[in-house]
Amino acid sequence: MLSVIVPVYQVRDYLADCLDSILGQPFSDLELVAVDDASTDGCAEILAGYAARDPRMVVLTFPVNRGLGAARNAGLARATGEYVWFVDADDWLPAGTLPAVADRLTGTRPDLLVTAYTRHYPDGRIRHCPLSGVAGGAPPPEVFALRDVPGLLQVLHITCNKVIRRGFLTNLGLAFGSGWYEDVSFSFPLMLAAPRISLLDRCCYAYRQRPSGAITCTVSDRHFEVFAHWDRVMAGLGSAAEVSSELRQLIFERMIWHLLQVLGHPRRVPPHRRREFFAEIVTRYRRHVPPGGYRPPRGTLGLKHRLVGRGAYRLFAALRAARQVHVGVVARVRPPLPVQPPVARSRTRPVETAASSPSRSAGGPGPDARSRPRP
């Protein structure tokens with residue numbers, strides 16, 4: 001029924017937890033396709049040991065590092081399940097996830113199932129990311145298309161909380177691109193094309209926020225690769241006449257939001273290239289603005305969008321600097337909140353059920369080593 005595809009690169013410290021969280025669940029109708037992207041830290045030995053003990057596991061090995069997109073594509077080509085799920089090797093599936101997902105798939109037969117997830121921080125904090133608000137507070141239909149529940153676009157565009165019917169994905173011809181932020185050019189076309197989407201508002205994915213090794217904490221010119229993925233999204237949107245003006249507005253807004261998130265992060269775009277990055281956002285704004293005009297969101301976010309539309313980098317930079325000063329003052333005046341102590345976690349520890357792109361390693365010799373968009 002289900003093929004779980006796990007790209008593996010330099011994650012020795014996390015790999016066993018991930019594999020145990022999948023293979024140790026009370027659900028047998030699955031295969032696990034692990035793709036070793038030329039790891040050099042001992043992952044190959046771990047994978048070989050698990051494959052020797054469990055016939056449901058298949059291991060593919062790249063002789064040289066090719067990157068997350070290529071590893072996922074290779075796993076998809078090898079998969080045989082009716083549904084596929086892309087799980088990163090430094091994350092895990094909470095206990096009870098696979099039976100819950102299987103029940104939802106059986107009950108609704110969707111082309112795409114989107115689940116809630118949780119972010120797990122190094123200090124033990126857990127942030128739940130539910131789906132309860134995507135339909136404006138009303139219960140969403142059991143099965144729907146994106147045009148019926150456009151609020152789904154506001155859910156972070158990661159691939160890992162999406163279970164996809166393999167035949168639908170194959171017929172669609174959608175594959176992962178290269179470079180950092182590859183989830184962008186995969187998730188949006190996927191949601192737009194799926195005629196049958198279903199939701200499972202249960203935290204089915206534990207998303208580890210690593211303190212080091214993540215591209216979101218890596219100052220690099222490679223953050224410019226995000227533009228190619230958004231260009232791919234918008235090019236597909238331009239040729240899809242059936243997409244409503246509402247969805248076009250929302251996707252355009254989401255693009256500008258995401259690009260500003262990348263620019264606004266203090267440890268992504270090199271400081272000497274920030275003006276250039278802003279200019280690239282301006283180019284996309286003017287190139288892809290909806291034909292009927294664009295209504296920016298309210299508040300500070302909308303102000304930033306309008307400054308992008310005007311190409312006003314100096315005003316944008318001044319606004320950012322003023323915001324940083326304000327945050328610094330508040331931090332000095334406001335007493336700090338108590339820090340929750342780290343919580344020990346067993347490999348199959350259940351995660352509380354919930355009622356808001358390049359995965360983790362920025363290193364590697366290949367052209368596209370481990371990337372995931374994390375606003």
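Here is a short chat between a trainee and a mentor about strand pairing and one threonine in this predicted model.

The model is predicted, so local features need pLDDT of at least 70, side-chain atom pairs count only at pLDDT 80 or more, and totals for chains, interfaces and linings use all residues. Residues are numbered from 1 along each chain as its sequence is written, and side-chain values use heavy atoms, leaving out hydrogens and water.

Trainee: Which residue in β3 stands opposite D36?

Mentor: Start with the strands, which are DSSP runs (E, at least two residues; helices are H or I, at least four), numbered from the N terminus. Two strands pair if DSSP finds at least two bridges between them. β2 (residues 30-36) and β3 (residues 57-61) have 5 bridges and pair in the parallel sense. Opposite D36 in β3 you'll find T61.

Trainee: And what's the bridge partner of W85 in β7?

Mentor: Look at β4 (residues 83-86) and β7 (residues 162-165), an antiparallel pair with 3 bridges. W85's partner in β7 is V163.

Trainee: What about V114, which residue in β7 is its bridge partner?

Mentor: β5 (residues 112-120) also runs antiparallel to β7, joined by 3 bridges. For V114, the partner in β7 is K162.

Trainee: Is T108 buried or exposed?

Mentor: T108 sits in helix α4 (residues 97-108). Buried means under 20% relative accessible area, exposed over 50%, and partly exposed in between (1.4 Å probe, protein chains only). T108 has 5% relative accessibility, so call it buried.

Trainee: Which residues does T108 touch, skipping those up to four places away in sequence?

Mentor: Contact here means heavy atoms within 4.5 Å. With that cut-off, T108 touches E142, V143, R196 and S198.
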